[in-house]
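Visitor: I would like to understand how the words used for a protein structure follow from computed values. Could you take me through them one at a time?

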Amino acid sequence: MIKVIAIDDEPLALSIVEGFCSQIDYIDLQKTFIQPNEGLKYLEKYPVDLLFLDVHMPALNGVDLYRNINQNTLVVFCTAHSEYAVEGFNLNAVDYLLKPFTFKRFLKACDKAKDYFSAIDVKSTSHIFLRADGKLHKINLDLITSIEALDDYLKIHLLDQKTLVVRMTMKVMLEKLPPSKFVRVHRSFIVPFDKVQSLTNKVINLKDKIIPIGKNYEEDVMFYFNK
C-alpha cells in the first residue's frame, strides 16, 4: 500500500481526489487538508509515501511547501495553472495533473508512483534514494561509511565521494536502511556493520574515524554485534 495525503485549498478538488483514491486498491489515503500549513505539520509527525498537492494556494505555494518537507515524500502536483509544470518536474514530481483531470489520468499518475516504489523494493538491499539539491540521488549502501546528524540535516559520508547533505531525521533514515546492515550507535550517528574495524563498550573504530557509542545505545549495539 502507498500511504497518501492530499493538500488543496478547494474542498471540491479534495473530494474528487478522495473519491478517485477510494477506487485504487494500492492507494491508502490517510488524510486531506484544506490548510497547507496543517498538512505540513502532519507530514513532520507522520511521513507518507506520496502527496497529492495543489500548487496555487493563497496561504502557501505548493512548490514551496514541497521544498520544506523533511521526508523523501513523492509528489503529484494537481493544479489548474499549467505554468507551474516545468517547475514541478524540476523538483522530480512523479506527475503533474492539470485540473480538471479524469479518473483515467489520475490512475496513470498513481501507477507511475507504484512503479517507482516497485523499483525501490527490488533494489532495497543495495540502494536507497535520497533527496538533496532538488533531486533524488541513488545511493549505493556499500558506499556509506557513516551517517551523522547535524541539526535538521543528515550528513551521508560516502566512500571516495562527496558527502551528501539531506534534510531528514534519524528516525526516517533508519526506516529506509536495512537493519541487517546498519545500526544506530549514538543519537547523532548510524554506522554500517561492515565498516566497523573494532569496538569497545564506549567507541566504534571505523577506518577513518572514531565514533562514540551513546549510553542509551550500548545495549543494542552490543546485542547486534554479538548476534
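Guide: Let us begin with Phe106, which has a relative accessible area of 0% and is therefore called buried, since that word is used under 20%, exposed over 50%, and partly exposed in between (1.4 Å probe, protein chains only). Please keep in mind that this is a predicted model, in which local features need pLDDT of at least 70 and side-chain atom pairs count only at pLDDT 80 or more, while totals for chains, interfaces and linings use all residues. Residues are numbered from 1 along each chain as its sequence is written, and side-chain values use heavy atoms, with hydrogens and water left out.

Visitor: Why does Phe20 count as buried?

Guide: Phe20 has 14% relative accessibility, and because this is under 20%, Phe20 counts as buried.

Visitor: What makes Phe52 and Phe106 a stacked pair?

Guide: Rings of Phe, Tyr and Trp (its six-membered ring) pair if their centres lie within 6.5 Å, and planes under 30 degrees apart count as stacked, over 60 as edge-to-face and the rest as tilted. The centres of Phe52 and Phe106 are 4.8 Å apart and their planes stand at 25 degrees, so both conditions are met and the pair is stacked. Phe52 belongs to strand β3 and Phe106 to helix α5, so the pair ties together parts 54 residues apart in sequence; helices (H or I, at least four residues) and strands (E, at least two) are DSSP runs, numbered from the N terminus.

Visitor: Why is the pair of Phe20 and Phe106 called tilted?

Guide: Their ring centres are 5.4 Å apart, with 50 degrees between the planes, and because this angle is neither under 30 nor over 60, the pair falls among the rest, which count as tilted. This pair links helix α1, where Phe20 lies, to helix α5, where Phe106 lies, 86 residues apart. The structure holds nine aromatic pairs, and ring pairs link Phe20, Phe52, Phe101, Phe103 and Phe106 into a cluster.

Visitor: What makes a group of residues a nonpolar core?

Guide: Such a core is a set of buried Ala, Val, Leu, Ile, Met, Phe, Trp, Tyr and Cys residues joined through side-chain atoms within 4.5 Å. The largest one has 23 residues, and among those with the most contacts inside it are Ile27, Phe52, Val76 and Phe106. Helix α5 (103-122) is one of the elements that supply at least two residues each, and its five residues form the largest share. A second, separate core of 20 residues includes Leu40, Leu51, Val55 and Ala93.

Visitor: How do you know that β4 is largely enclosed by the rest of the structure?

Guide: Six of the six residues of β4 are buried, so this strand is largely enclosed. In a regular strand the side chains alternate between the two faces of the sheet. Here Leu74, Val76 and Cys78 on one side are buried, and Val75, Phe77 and Thr79 on the other are buried as well, which leaves both faces of β4 covered.

Visitor: What makes β3 and β4 a pair?

Guide: Two strands pair if DSSP finds at least two bridges between them, and β3 and β4 have four, in the parallel sense. Phe52 stands opposite Val76 in β4. β4 also pairs with strand β5 (residues 95-98) in the parallel sense over four bridges, and there the bridge partner of Thr79 is Leu98.
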